[in-house]
Amino acid sequence: MEFRDNKKITVIANPTSQNGEAKAVAEFVNSQLKLRGFDVSFHFTSCRGDAEKLVFSYSSESDIVLAVGGDGLVHEIVNALMKLKKQDRSSFALIPAGTGNDYARSLKMSLKPKDALEQLMKTRQTKADLGVCNGEYFAQTLSFGLDAAIALGTIERRIKTGKTGTRVFFEEGLYQLKNYLDLIPFSCNYLDNQGGSHNFTGQTYMLATQIGKTYGGGFEICPNAEINNGLFDVCYVTPNLSFLSALGLFLLAKNGHHTQFKNIKSFQAKEMHLSISGDQKIQIDGEPLSSSCLDLTLACGAINVYKNT
C-alpha cells in the first residue's frame, strides 16, 4: 500500500524543533495534505509527553500517524504506538524537521520538507524493526561512552547556540575528544544470527548499537545496518588512541570509512546484555538513559512505516 492510498492522517508536530522552523513546515504539510483530499487531524506538541497522549487519543482512528519533527519526536511516538494493542496501532510516517534527522535517513526521505512530502505520497508501507533496551523502544540508535556524550552534548549546544546541522556535532565532538577521551570497562554477552552465544570483557571509548546506519546527523557509524534485517549492528572502539587518532576516526565516520581500522570492532546480534562500569553517558535515540546494565532485544517487524525506495 502506498501512502496516498490512505485517508485518515494524524499529524503530530513539534513546533520548536529545528529552532522553531518546524512550525512552518508542519503548517505547510497540513495544508498540502488537505488539498490532496486527506482527512487530517493536526496537532502541535507543547511539552514532553504530549505526543504520547495524542497517539493514545487518535491512533485507533487513523491510518497513519505522521510525525513532523526530529528524532526525539520519533522516539516518543514509536514508544507510544508500541504501548497500544496491535489492532489500535496505526502506521508511522515522517517528514523530517529536526536537527539530526537520522531516522529520516533510514527511511530514505529527503531532508528538504517539500521534496519529502512529494516522496511521501509514493512511499510504500513496510515493516521495521525496533530495539528494546530495559523496556524502552528505540527506532535508530543506542550508545554509551564518548559518542553518547557527543550526541547529548550536541543537543545542548544546539539549544544554547541556535545552530543546526552537522557542524554542531563536529564542534561538540572536538570538545569531547579534547577533554573526555576516557576508556570504559564493560562486559558483553550476545547471541549472533545463528543463535551462538558470545561473551567478552574489555575497555572501550564508546559502543553503538544501531537499527539504522547513522547517528549524530548522518554519521555512518554502522554502514551495513538495515532497519528490517532482524539484527542489531554493533560498533565499538578499542584502546589505545591518541587525540589525533581519535579525531581521524571521528572524521572518517561521517561517511562510514572508519570501519577499516584495527581499533574499530563490529558484530551483529539478535540480543545482547551489556554491563558498564561507572556512571556513563548513555543515549537512546538522542534521549538520555541512566543504567549500568543494558538488556537489549529486537522487536522484529514490530512497526509499519512508510519508506522511500
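# A guided tour, from helix pair to loops

Helices α6 and α7 are oblique to each other, and this is where the tour of this predicted model begins. Select residues 146-161 for α6 and residues 166-179 for α7, and you will find that their axes come within 8 Å and cross at roughly 130°. An angle over 145 degrees would count as roughly antiparallel and one of 65 to 115 as roughly perpendicular, so the pair falls under oblique. Two packed helices are described by the angle between their axes and the distance between the axes. If you turn the view, notice also that α6 passes α7 in a right-handed crossing.

Now show the side chains where these two helices meet. On the α6 side, select Leu 146, Ala 149, Ile 150, Ala 151, Gly 153, Thr 154, Arg 157 and Arg 158, and on the α7 side select Val 168, Phe 169, Glu 171, Glu 172, Gly 173, Tyr 175, Gln 176 and Leu 177. Coloured by character, the residues of this contact divide into 8 nonpolar, 4 polar and 4 charged.

Next, move to helix α2, residues 50-58, and select Asp 50, Ala 51, Leu 54 and Val 55, which are buried. These residues cover an arc of only 135° around the axis, which puts them on the same side of α2. An α-helix has 3.6 residues a turn, so residues three or four places apart point the same way. What do the buried residues of α2 pack against? Add β1 (8-13), β2 (39-44) and α3 (71-82) to the view, since these are the elements that the buried residues of α2 pack against.

Helix α5 can be treated in a similar manner. Select Ala 116, Leu 117, Leu 120 and Met 121, the buried residues of α5. They cover an arc of only 145° around the axis, which puts them on the same side of α5. Their packing partners are α1 (21-35), β3 (64-69), β4 and β16 (293-307).

The remaining stops are in loops. Select Ser 17, which lies in the loop between β1 and α1 and is buried, with a relative accessible area of 10%. Leaving aside its neighbours within four places in sequence, Ser 17 is in contact with Ala 22, Gly 69, Gly 70, Ala 97 and Gly 98.

Then go to Asn 101, in the loop between β4 (91-96) and α4 (102-106). The phi angle of Asn 101 is near 55°, a positive value in a residue other than glycine. Is Asn 101 buried or exposed? With a relative accessible area of 6%, Asn 101 is buried. Lys 108, found in the loop between α4 and α5 (113-122), likewise has a positive phi, near 60°, and is a residue other than glycine, but at 49% relative accessibility Lys 108 counts as partly exposed.

Continue to Asn 240, in the loop between β11 (232-237) and α8 (243-252), and look at the peptide bond that leads into it from Pro 239: this bond is cis, with omega near -5°.

Finish at Gly 256, in the loop between α8 and β12 (264-269), which counts as buried at 10% relative accessibility. Not counting residues up to four places away in sequence, Gly 256 touches Glu 220 and Pro 223. For a last look across the model, select Lys 160 as well: Gly 256 and Lys 160 are 96 residues apart in sequence and 29 Å apart in space, C-alpha to C-alpha.

Definitions and conventions. Residues numbered from 1 in each chain as written. Predicted model: local features only at pLDDT ≥ 70, side-chain atom pairs only at ≥ 80, totals over all residues. Heavy atoms only, no water. Axes fitted to C-alpha atoms, helices over the stretch in contact; angles between N-to-C directions. Helix = DSSP H or I, 4+ residues; strand = E, 2+ residues; numbered from the N terminus. Parallel < 35°, antiparallel > 145°, perpendicular 65-115°, else oblique. Left-handed = near helix turned anticlockwise from the far one by under 90°. Contact = heavy atoms within 4.5 Å. Nonpolar A, V, L, I, M, F, W, Y, C, P; charged D, E, K, R; others polar. Buried < 20%, exposed > 50% of the residue type's maximum accessible area, 1.4 Å probe, protein only. Arc of directions from axis to C-beta.
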